[in-house]
Amino acid sequence: MIIDVHAHWGPWFFTMDVAGATLATMDRYGIDRAIVSSTEAVIYDAPAGNRALAAALNDQGNGGIGREGDPDGGREGGPDSGREGGQGRLYGYVTINPRRLQEAVRDLAEYLPTGRFVGVKIHTDYTGSPATSPQLRDALELVASAGCPALVHTWGPSVLDLAQVCLDTPGLRVIAGHMGADGFRYAIEAARACDRLYLEPCWSHAPAGRIAEVAANVDARQLLFGTDATLIDPSSAFGSVAAANLRGETAERIAWRNAAELFGLETD
């Protein structure tokens with residue numbers, strides 16, 4: 001069982017969609033479940049992107065396979081192609097813009113109760129809302145009140161700021177996207193400071209020993225697996241984790257168990 005907690009649905013505005021469509025990529029690498037955010041929601045218009053993703057996930061739940069009128073236009077690799085017709089394999093993040101919280105409140109109220117959306121995605125750079133900003137703090141308070149986890153973009157030492165926000169926000173559970181990228185040693189410090197902060201490793205670089213060092217110094221219950229597909233081919237994350245030579249409970253927790261527990265996903 002493999003659960004990818006950092007994936008995307010929909011086209012990118014640049015030419016780095018190296019992996020192709022979401023489910024086709026999952027099939028290629030044996031990923032059983034993925035939690036996806038709409039690329040449109042992340043980079044351009046959160047409500048519009050959330051709406052499109054909701055339609056796709058709803059069609060997936062109805063067992064549709066490339067029907068006319070699908071958000072993916074019925075093309076191969078759309079949300080309903082692949083093993084088992086894609087049914088139940090994709091879950092969604094409600095993407096929110098911390099600078100437009102009224103929209104966020106509406107979208108959380110509309111999509112979380114459906115059961116197809118299981119968390120929140122916030123990209124701090126695209127929204128101009130760094131971890132030290134009052135806007136991000138307000139957004140994460142909203143997330144905590146909604147009772148779901150949030151995946152937040154981190155880079156470098158910003159993961160330490162995110163840990164502090166998590167400590168200051170009762171009940172908040174937050175995933176440090178990219179676990180700080182080149183700041184992974186800051187991520188170790190952050191995770192050790194806050195047991196409600198989780199780390200996922202995807203990054204376009206793969207420095208030797210990065211995953212192994214994190215796994216050796218952070219509670220295995222705080223480690224997750226993410227690929228950044230379809231922006232980055234999953235081979236990068238798979239290779240990095242494989243090189244760490246993880247075994248036993250740690251390997252299982254990273255691959256799927258922690259994600260299943262954090263998001264309340266069925267794995268049968």
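**Cavities, the largest pocket and local geometry**

A search of the whole structure finds three cavities of 30 Å³ or more. The structure is a predicted model. The largest cavity has a volume of about 70 Å³. Its lining consists of Met179, Leu199, Glu200, Pro201, Ile211, Val214, Ala215, Leu223, Leu224, Val241 and Ile254. By class, ten of these residues are nonpolar, none is polar and one is charged. Helix 8 supplies the largest share of this lining, with three residues.

The second largest cavity holds about 40 Å³ of space. It is lined by Asp4, Ala7, Thr22, Thr25, Met26, Ile31, Ala34 and Ala229. Two elements, strand 1 (3–9) and helix 1 (22–29), each give two or more residues to this lining. Helix 1 gives the most, with three residues. The lining of the second largest cavity comprises five nonpolar, two polar and one charged residues.

The largest pocket contains about 310 Å³ of space. Its lining is made up of 18 residues, and those nearest the centre of the pocket are His153, Trp155, His178, Asp228 and Leu231. Nine residues of the pocket lining are nonpolar, six are polar and three are charged.

Helix 8, which contributes to the largest cavity, also packs against helix 7. The axes of helix 7 (residues 184–193) and helix 8 (residues 210–217) lie 10 Å apart and form an angle of about 15°. Because this angle is under 35 degrees, helix 7 is roughly parallel to helix 8. The crossing of the two helices is right-handed. On the side of helix 7, the contact involves Phe184, Arg185, Ile188 and Arg192, while helix 8 contributes Arg210, Glu213, Val214 and Asn217. Three of the contact residues are nonpolar, one is polar and four are charged. Val214 thus appears both in the contact with helix 7 and in the lining of the largest cavity.

Two backbone features were noted in loops. Methionine 179, a residue of the largest cavity lining, has a positive phi of about 40° although it is not a glycine. Methionine 179 is placed in the loop between strand 6 (174–177) and helix 7. The other feature is a cis peptide bond between alanine 229 and threonine 230, with an omega of about 5°. Threonine 230 belongs to the loop that runs between helix 8 and helix 9 (235–243). Alanine 229, on the other side of the cis bond, is one of the residues lining the second largest cavity.

Note on methods: Residues numbered from 1 in each chain as written. Predicted model: local features only at pLDDT ≥ 70, side-chain atom pairs only at ≥ 80, totals over all residues. Heavy atoms only, no water. Axes fitted to C-alpha atoms, helices over the stretch in contact; angles between N-to-C directions. Helix = DSSP H or I, 4+ residues; strand = E, 2+ residues; numbered from the N terminus. Parallel < 35°, antiparallel > 145°, perpendicular 65-115°, else oblique. Left-handed = near helix turned anticlockwise from the far one by under 90°. Contact = heavy atoms within 4.5 Å. Nonpolar A, V, L, I, M, F, W, Y, C, P; charged D, E, K, R; others polar. 1 Å grid on protein atoms, 1.4 Å probe; cavity = no way out; pocket = protein on both sides within 12 Å on 5 of 7 lines; lining within 4 Å. Points joined across faces, edges and corners; volume = space filled by probe spheres on them.
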